[in-house]
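Hi,

Here's the structure I said I'd pass along. Have a look, and then read on for what turned up in the pocket search.

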Amino acid sequence: MKPSLSHISFMQTFGILLVVLGHSFFRVNADLWVIRWIYGFHMPLFFFISGYLMRYTHSDLRAVTLMGQGAFLARKARRLLVPYVVISSMVFVPKALMSSYAVRPIHLSLHDYLDMLLYPYHNVLGAYWFMPTLFLIFALFVLMAKASTPLRHVNVWAATALFFVVSISIDFHHESVLNILGVAYYMFYFVLGYAFRNSRVEHVASRLSPTLLLTVTLGVSILMLLTPHFALKSHLTALNGIGMTLAMARIYDSRRCTFLNHLYGHTYTIYLYSGLFQILSLQLLLHFVELPSYVYIPLAFVTGIYGPWLIDRLRAKRR
């Protein structure tokens with residue numbers, strides 16, 4: 001069975017569930033196995049999905065218009081950069097005024113305001129680093145494709161190999177302006193998703209038993225947790241996680257499961273607003289009420305998912 005956009009919808013939903021779950025742990029050892037398992041692949045998964053969808057909507061990159069009303073970069077800026085600046089700015093003042101309750105205190109100053117915009121990992125909403133990073137990846141990817149030949153169809157796997165070398169070669173950390181190091185690091189997963197879409201690799205993978213693939217990749221993901229650090233471990237863990245999620249998507253679709261379908265189409269809203277709900281259910285609530293982790297972790301997870309979901313549903317009813 002050939003993967004389709006229904007598989008991508010599942011992967012987006014599964015990925016956002018992992019994001020919200022990972023952010024639901026508070027005052028918990030960051031080395032906890034479930035946190036390491038989630039963070040081993042959930043963000044590379046989103047860049048892979050973004051590249052896959054890019055190929056689905058823009059198979060000929062040379063035809064993409066970059067500038068002008070309704071052009072590619074303008075649409076991506078409205079979707080990614082505008083919420084990044086607007087929502088971050090709206091949250092900045094309240095968070096600065098209530099920094100005594102925050103995990104990462106900030107000052108109400110121009111320096112801290114510009115710092116959280118120019119250094120995405122310093123943003124008041126930690127997950128928002130993804131938006132400017134993805135925008136720059138979109139922009140650079142299309143610009144390189146239009147300027148030369150490396151990213152055209154026949155050479156897309158060679159380009160993937162090139163970006164893999166770049167990714168493993170850089171000293172990636174979270175302190176670069178506009179997360180430019182993160183752009184170089186995650187570009188590989190984006191290009192991989194673009195190359196994978198409708199390729200021979202995808203067709204071959206679609207013929208494999210999804211149950212067997214899930215069993216193997218799940219086993220490898222557990223083994224990676226027990227393995228000491230080695231070169232390429234983070235990339236192998238991420239690639240294995242992407243394969244594992246593809247297998248889950250195929251199983252979910254082939255068995256006609258529907259229990260996650262109500263979240264389809266709401267993943268971006270959940271991404272944007274889950275942090276706000278989790279701040280209320282974690283960082284503020286726990287300053288006033290003592291709750292055990294087995295209570296506040298599910299509370300943060302449920303509010304992080306269904307608070308934004310409810311916002312989307314209410315918007316839809318008003319239209």
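One bit of bookkeeping before the pockets: Ala, Val, Leu, Ile, Met, Phe, Trp, Tyr, Cys and Pro are counted as nonpolar, Asp, Glu, Lys and Arg as charged, and the others, Gly among them, as polar. Also keep in mind that this is a predicted model.

On that scheme, the lining of the largest pocket comes out as 28 nonpolar, 13 polar and 5 charged residues. The pocket holds about 1300 Å³ of space. Its lining has 46 residues, and the ones nearest the centre are Gly22, His23, Ile35, Tyr39 and His42. Two or more lining residues come from each of α1 (5-23), α2 (33-39), α3 (42-57), α8 (180-196), α10 (210-226), α11 (233-254) and α12 (267-288). The biggest contributor is α12, with 9 residues.

Now for the runner-up. The second largest pocket has a volume of about 490 Å³ and a lining of 20 residues. Nearest its centre you'll find Gln12, Ser50, Leu53, Arg79 and Leu134. By class, that lining splits into 14 nonpolar, 4 polar and 2 charged residues.

Which helix gives the most to the lining of the second largest pocket? That's α3, with 7 residues. At least two residues apiece also come from α1, α4 (72-97), α6 (130-147) and α12. So if you're colouring by helix, note that α1, α3 and α12 turn up in the linings of both pockets.

Cheers

Methods: Residues are numbered from 1 along each chain as its sequence is written. This is a predicted model: local features need pLDDT of at least 70, side-chain atom pairs count only at pLDDT 80 or more; totals for chains, interfaces and linings use all residues. Side-chain values use heavy atoms; hydrogens and water are left out. On a 1 Å grid over the protein atoms alone, a cavity is a set of points where a 1.4 Å probe fits but cannot get out, and a pocket is an open set with protein on both sides within 12 Å along at least five of seven lines; lining residues have an atom within 4 Å of a point. Grid points are joined across faces, edges and corners, and a volume is the space filled by probe spheres set on the points. Helices (H or I, at least four residues) and strands (E, at least two) are DSSP runs, numbered from the N terminus.
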